[in-house]
Amino acid sequence: MAPPQHDPRRPYKRPAISDQQRRRDSALHTQSARRADAQARARSLANSLLSPQPPPSSPAASDQPPPSPDARDERGHDPTVADVASATAKLRGPDQRRWFARQIMLPEWMVDAPPHLARDWHVSARPAGKRCMVVSSNGITISRLRNGTILHRFPSALPNGSKRGLSGPASSYSILDCIFHEPDETYYIVDMICWRGYSLYDCTAEFRFFWVNSKLMETSAGDPPSTYHRYRFSAVPMYESTLDGLQAAYSGSTPYVKDGLLFYNKHAHYQAGITPLTLVWKDNICSQYLLDTDSEGQVPTEQHVVLELQEDGKLVTSDDPPIAFGSLDNEFIQKSNLRPGNLLRFSVRDESVKLVDGKMEIGELQLAGKLNRSRTFADSLSKVLFQYAARHAPLRIEDLVASVQSNSMEIESTDVEMQG
């Protein structure tokens with residue numbers, strides 16, 4: 001189904017319902033001022049990904065989580081590779097899941113169409129599957145899920161990914177951000193963090209996507225599986241967010257099951273954690289999973305949100321800094337046998353929700369249950385907003401088309417003025 005065509009003479013009128021654009025501008029400004037030692041960050045992450053998991057019975061050496069690859073101590077010094085890898089190897093349970101989940105770049109949900117969508121953004125059809133990081137080094141390839149669990153340990157045709165494919169220093173490593181698509185047992189590459197020891201943390205998305213395609217072609221990683229190449233790797237097609245590109249991503253055929261569209265700001269660096277410089281958007285045409293479901297797989301009548309219980313009783317999102325949507329009193333917490341860090345599911349009545357100046361306020365939360373340990377983080381603010389909008393005033397493919405057309409009209413108008 002092709003995106004519907006709008007009359008280009010009609011202005012784009014959908015009003016913004018959030019402050020997402022302000023946060024995008026802030027993120028672009030912050031990344032230019034935060035150029036850490038990219039090589040050290042990549043090396044620390046690679047060592048952590050390659051480190052063996054502790055046995056379930058071994059106690060963690062410390063209650064403190066290991067430093068992030070881009071963290072600094074109180075003296076302003078970067079943690080060493082050994083610091084990060086050693087501390088990470090000792091983690092288990094929730095601490096391990098949280099640490100690894102913070103190393104991957106996670107998109108915000110597209111609540112409002114960004115201005116200059118056609119000029120500043122790429123778009124792709126997101127594969128359905130398991131998001132993971134893949135590292136190849138020393139003749140082995142390891143993939144880890146967002147919670148740090150090893151998904152596969154296998155030989156691959158990635159650089160130094162198998163004993164047969166060793167070239168250059170054996171310890172040279174590559175790190176890919178992938179989605180594993182089970183139906184065809186393929187790792188679809190959505191981003192590249194490092195290639196043969198060269199870090200791409202501080203490279204723009206536009207450059208990283210160029211490298212994904214060019215470097216993958218230098219290997220046989222895209223070939224069918226073999227003895228020394230257990231799983232195939234394939235780059236997700238990336239398009240300019242023009243009308244043609246949007247239609248290709250939305251309506252074009254893919255070898256994988258689609259789960260919405262991914263948008264990348266061309267100027268964005270690879271930033272661990274949630275960022276407004278990458279966005280995910282869905283409707284019920286390009287995804288089977290538009291609305292969240294309950295524990296039985298059914299779409300509930302009322303919207304559900306997942307929040308984390310903090311020490312002071314506040315219920316917060318996974319954003320940095322977190323957004324509080326309510327709180328629980330100590331008596332209820334003790335009576336319900338709840339603990340700080342628990343993820344709790346709440347139902348939200350429509351009449352209790354207010355949108356004020358781009359902020360979402362929830363007047364009443366009704367506890368619906370406690371989540372199991374496989375879940376790592378609470379919902380983000382953008383996800384809560386997207387789910388609310390999807391039920392009431394969704395951002396439609398027509399709105400994205402109209403936004404792109406509006407961008408084109410602005411460019412044409414500027415060209416005419418310059419010629420005049």
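Start by selecting Thr 242, which is partly exposed with a relative accessible area of 32%. You're looking at a predicted model, so keep that in mind as you click around. Thr 242 sits in the loop between strand S10 (239–240) and H7. Now add Leu 117 to the selection: the two residues are 125 apart along the chain, yet their C-alpha atoms are separated by 7.9 Å. Show the contacts of Thr 242 too, and, once neighbours within four places in sequence are set aside, you get Ala 118 and Val 404.

**Along H7**

From that loop, step into helix H7, residues 243–251. Which of its residues are buried? Colour Gly 245, Leu 246, Ala 249 and Tyr 250. Look down the axis: these four cover an arc of only 120°, so they end up on the same side of H7.

**Into the core**

Keep Leu 246 selected, since it is among the residues with the most contacts inside the largest nonpolar core. That core has 52 residues. To see the other well-connected members, add Leu 45, Ile 175, Leu 261, Phe 263, Trp 281 and Leu 400. Apart from this core lies another one, of 22 residues, including Val 212, Tyr 231, Phe 233 and Ala 235.

Now centre on Trp 281 and ask what it touches beyond four places in sequence. Among its partners are Tyr 250, which you just coloured on H7, and the core residues Leu 261, Phe 263 and Leu 400. The list also includes Met 110, Gly 260, Cys 286, Phe 386, Leu 395, Arg 396 and Ile 397.

**A charged name inside H6**

Next, go to Arg 208 in helix H6, residues 205–217. Is Arg 208 buried or exposed? Its relative accessible area is 0%, so Arg 208 counts as buried. Pull up its surroundings, leaving out residues up to four places away in sequence: Met 105, Asp 191, Met 192, Leu 200, Cys 203, Tyr 264, Ala 268, His 269 and Tyr 270 all touch it.

**The five-stranded sheet**

Switch to cartoon view and find the open sheet whose order is S15-S14-S13-S16-S19, with antiparallel pairing. Its edge strands are S15 (324–327) and S19 (365–370), each of which pairs on one side only. Sight across the sheet and you'll see the twist: neighbouring strands are turned by 40° against each other on average, ignoring direction.

Zoom in on the S15 end. Strand S14, residues 314–316, pairs with S15 in the antiparallel sense over three bridges. Select Leu 315 and look for what stands opposite in S15: that's Gly 326.

**H9 over the sheet**

Helix H9 lies across S13 (303–309) and S15, running at about 165° to S13. Pick Lys 383 in this helix, which spans residues 381–392. At 15% relative accessibility, Lys 383 falls under the 20% cut-off and therefore counts as buried. Display its contacts, again skipping residues up to four places away, and you'll find Trp 109, Asp 292 and Arg 375.

**Zoom out**

Finally, select the whole chain, which holds 10 helices and 19 strands. Of its 420 residues, 50% count as buried. Turn on a contact map if you have one: among contacts between residues at least 6 apart in sequence, 71% join residues at least 24 apart. Then switch on the surface, where the chain exposes about 20200 Å², with carbon and sulfur atoms supplying 49% of it.

Conventions:
Residues are numbered from 1 along each chain as its sequence is written. This is a predicted model: local features need pLDDT of at least 70, side-chain atom pairs count only at pLDDT 80 or more; totals for chains, interfaces and linings use all residues. Side-chain values use heavy atoms; hydrogens and water are left out. A nonpolar core is a set of buried Ala, Val, Leu, Ile, Met, Phe, Trp, Tyr and Cys residues joined through side-chain atoms within 4.5 Å. Buried means under 20% relative accessible area, exposed over 50%, partly exposed in between (1.4 Å probe, protein chains only). Contact means heavy atoms within 4.5 Å. Helices (H or I, at least four residues) and strands (E, at least two) are DSSP runs, numbered from the N terminus. Two strands pair if DSSP finds at least two bridges between them. Axes are lines fitted to C-alpha atoms, for helices over the stretch in contact, and angles run from 0 to 180 degrees between N-to-C directions. The arc is that of the directions from the helix axis to the C-beta atoms. Accessible areas come from the Shrake-Rupley method with a 1.4 Å probe; for residues, only the protein chains shown count as cover.
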